[in-house]
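Work through the following exercises with the sequence and the model side by side, and try each task before reading its solution.

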Amino acid sequence: MKRAIGIFLTLSSLLTYLIVDMLYDPVKETITTDMESTVTVHYQYPLMFWVICFILIISFILGIYFILAKEKLYEECSLCDTPEYTSIK
């Protein structure tokens, strides 16, 4: 069950990142030229873009953890089989 949730979280975070990356365009483009005709372009993304990326990174890491986590196997043990409870006083 953990592995299925981990695969879902990992794939959904990757696909959501691809969609968000295509939807959000830079807000401001500043083009500066130097004396040697070098062009530098600065992009500024909105704050919501970075918040979404942070949440997606957290969900991706959590998904990888769920995929790689080993499931604990619980042993069937009966509490009534102990010597304290089998003897009648």
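**Exercise 1.** Determine which elements of the protein chain have the lowest and the highest mean pLDDT.

*Solution.* The model is predicted, so that local features need pLDDT of at least 70 and side-chain atom pairs count only at pLDDT 80 or more, while totals for chains, interfaces and linings use all residues. Residues are numbered from 1 along each chain as its sequence is written, and side-chain values use heavy atoms, without hydrogens and water. pLDDT is the predictor's confidence in each residue, from 0 to 100. Among the elements, helix 3 (residues 83-86) has the lowest mean, 56, and helix 2 (residues 47-68) the highest, 93. For the protein chain, the mean pLDDT is 80, with 78% of its residues at 70 or more.

**Exercise 2.** Establish the order of the elements and how strand 1 pairs.

*Solution.* Helices (H or I, at least four residues) and strands (E, at least two) are DSSP runs, numbered from the N terminus. The protein chain holds three helices and two strands, in the order α-β-β-α-α from the N terminus. Strands pair if DSSP finds at least two bridges between them; here six bridges join strand 1 to strand 2 (residues 39-44), and the two run antiparallel. Within this pairing, Thr30 stands opposite His42 in strand 2.

**Exercise 3.** Assess how many residues of strand 1 are buried.

*Solution.* Buried means under 20% relative accessible area (1.4 Å probe, protein chains only). Of the six residues of strand 1 (residues 28-33), zero are buried, and in the protein chain buried residues make up 13% of the 89 residues.

Note on methods: Buried < 20%, exposed > 50% of the residue type's maximum accessible area, 1.4 Å probe, protein only.
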